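Colleague: Could you take me through this model in short questions and answers? I am new to reading structures.

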Amino acid sequence: MNTEKSERLYRQAAELMPGGVNSPVRAFKSVGKHPVFIDRAEGSKLVDVDGNEYIDYVCSWGPNILGHSHPAVLEAVKRALNKGLTFGACHEGEIKLARLIQRHFPSMELLRLVSSGTEAVMSAIRVARGYTGRNKIVKFQGCYHGHCDALLVKAGSGLLTFSSPDSAGIPESFTEHTLLANYNDEASVQALFERYGEDIACVLVEPVAANMGVVPPKKGFLQFLRDITKKYHALLLFDEVITGFRLALGGAQEYYGITPDLTALGKIVGGGFPLAAYGGRREIMECVAPLGAVYQAGTLSGNPIAAAAGAETIMLLESAKNLYRGLDRKAEQIEAALRGKDILVNRAGSILTPFFTKEKVCSYHTALSADRAQYARFFSYLLENGVYIAPSQFEAMFLSSAHSDDDIERTCSIINNFT
Ligand SMILES: *Cc1c(COP(=O)(O)O)cnc(C)c1O
């Protein structure tokens with residue numbers, strides 16, 4: 001495989017940006033390589049600057065559920081472009097998108113459009129604190145919710161101690177209100193509520209964890225979170241930035257039939273543009289300025305181009321026949337191929353992770369048992385054979401409606417030949 005141009009661009013990029021990337025997940029550092037630079041993308045394929053073509057299972061980390069450059073989304077964007085790039089004022093496209101979101105997420109009685117998943121979760125937490133008048137939040141080890149200070153915590157020194165930040169540049173005092181629990185471990189949540197219940201504003205959770213690799217919730221786990229938050233008058237905040245419009249049109253809350261108080265959306269909802277949303281019960285969201293005392297704002301929030309791309313994407317998802325069943329079937333085929341090679345797989349609908357471990361992965365702790373060197377070898381093998389997956393063991397593979405049966409068969413036969 002020739003990657004001469006990518007290597008040249010990488011050297012240039014590394015002079016300009018830390019590690020040559022604008023988001024660390026794009027670096028191939030953890031698989032011991034330099035990133036390939038993408039020239040263009042269409043349907044299920046990425047083409048790099050050296051002309052190598054890949055079947056793409058990263059799908060921009062989730063947004064591209066319809067594949068790359070869907071013609072109808074491009075058309076909607078062009079129509080919006082002709083009317084202007086940003087107004088910093090109200091426009092009808094915001095209403096259109098908000099209605100589409102609400103149709104599938106009825107729990108979001110009032111919602112706000114923002115520009116990134118990070119911003120959506122960060123704002124929702126501020127609302128949870130503002131509404132309840134409480135300080136603490138419960139977060140699960142291995143769940144990622146964007147890079148805001150208080151949430152960059154996953155490895156605390158024990159369950160009931162206050163957690164320390166994962167990143168440099170975050171004062172300990174900024175994370176003192178972040179309580180850590182173990183995913184799929186009800187007792188760990190129970191213990192936190194028994195000790196701090198009066199001061200817990202919300203439980204924040206990825207209803208299907210997808211940032212330590214895919215880790216689905218155990219049966220009853222989400223219902224348990226719903227019940228205990230109710231009991232202690234805390235809020236339940238679903239981070240559906242990945243699962244929203246992915247597991248089902250109505251996300252994990254529809255899929256599992258659990259209604260949270262607050263929801264954060266991102267990725268798919270922006271149709272490939274920087275757009276995200278948060279919202280929840282009307283009385284809670286009425287705390288947000290200008291109605292209430294919780295301040296949150298954004299110059300480009302509800303940007304007309306992004307809103308048009310998001311709305312068109314959701315409408316296409318609505319009108320496609322059997323789209324989710326098709327995604328599920330394709331993901332199942334990939335899963336079967338991986339299992340055929342004795343690779344452990346966690347899957348929820350159209351997201352899955354091959355784990356190089358013998359241990360059943362149901363938590364952060366068990367995810368860490370995976371052999372990253374083996375993953376790196378698998379990654380390199382796939383890349384050289386024209387299959388692009390995340391350059392990290394602790395991410396998901398994403399399927400899109402643009403993946404053809406031929407793409408899936410090719411991918412499966414490449415997996416079959418892995419040694
Ligand atoms: C990607 C992601 C975020 C952050 O979204 P950005 O748009 O990258 O800021 C938050 N939560 C989850 C679950 C995510 O996967």
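Modeller: Start with pairing: two strands pair if DSSP finds at least two bridges between them. Helices (H or I, at least four residues) and strands (E, at least two) are DSSP runs, numbered from the N terminus. The model is predicted, so local features need pLDDT of at least 70 and side-chain atom pairs count only at pLDDT 80 or more, while totals for chains, interfaces and linings use all residues. Residues are numbered from 1 along each chain as its sequence is written, and side-chain values use heavy atoms, with hydrogens and water left out.

Colleague: What share of the residues scores at least 70 in pLDDT?

Modeller: pLDDT is the predictor's confidence in each residue, from 0 to 100. Its average over the protein is 95. The share of residues scoring at least 70 is 98%.

Colleague: Where is the pLDDT below 50?

Modeller: Look for a stretch with 14 contacts beyond near neighbours in sequence. A contact means heavy atoms within 4.5 Å. The pLDDT is below 50 over residues 155-161.

Colleague: In the open sheet of seven strands, what is the strand order?

Modeller: The pairing in this sheet is mixed. The order is β4-β10-β9-β8-β7-β5-β6.

Colleague: Why is one side of β4 and of β6 left without a neighbour in the sheet?

Modeller: β4 covers 110-114 and β6 covers 178-181. Both stand at the edges of the sheet. One side stays without a neighbour because each has a single partner strand.

Colleague: Which residue of β7 stands opposite Lys139?

Modeller: Strand β5 (residues 136-140) pairs with strand β7 (residues 200-205). The sense is parallel, over four bridges. Opposite Lys139, in β7, stands Leu204.

Colleague: α3 packs on the sheet, but which strands does it touch?

Modeller: The direction of α3 makes about 125° with that of β4. Such angles run from 0 to 180 degrees between N-to-C directions, and axes are lines fitted to C-alpha atoms, for helices over the stretch in contact. The strands touched by α3 are β4, β9 (262-265) and β10 (276-280).

Colleague: At what angle do α3 and α9 pack?

Modeller: α3 spans residues 92-104 and α9 spans residues 304-319. Their axes are 9 Å apart. The packing angle is about 35°.

Colleague: Is the crossing of α3 and α9 left-handed or right-handed?

Modeller: A crossing is left-handed if the near helix is turned anticlockwise from the far one by less than a right angle, and right-handed if clockwise. For α3 passing α9, the crossing is left-handed.

Colleague: How many nonpolar residues are in the contact of α3 with α9?

Modeller: Among the residues in contact are Leu97 and Leu100 of α3 and Ile314 and Met315 of α9. Ala, Val, Leu, Ile, Met, Phe, Trp, Tyr, Cys and Pro count as nonpolar, Asp, Glu, Lys and Arg as charged, and the others, Gly among them, as polar. Three residues of this contact are polar and three are charged. The nonpolar number is seven.

Colleague: How do α10 and α13 lie to each other, and why?

Modeller: The axes of α10 (residues 323-340) and α13 (residues 405-416) come within 9 Å and cross at roughly 10°. Angles under 35 degrees count as roughly parallel, over 145 as roughly antiparallel, 65 to 115 as roughly perpendicular and the rest as oblique. So α10 and α13 are roughly parallel.

Colleague: Which strands does α10 lie across?

Modeller: The direction of α10 runs at about 170° to β11. An open sheet with antiparallel pairing has the order β11-β12-β14. Those are the strands that α10 lies across: β11, β12 and β14.

Colleague: Which residue has a positive phi in the turn between β1 and β2?

Modeller: Strand β1 (residues 38-42) and strand β2 (residues 45-48) pair in the antiparallel sense over four bridges. They form a hairpin with two residues between the strands. The residue in the turn, with a phi of about 60°, is Gly43.

Colleague: Cys59 is not a glycine, so what is its positive phi?

Modeller: Cys59 sits in the loop between β3 (53-56) and α2 (71-81). Its phi is about 50°.

Colleague: Is the peptide bond from Ala289 to Pro290 cis or trans?

Modeller: Pro290 lies in the loop between α8 (282-285) and α9. Omega for the bond is near 10°. The bond from Ala289 to Pro290 is cis.
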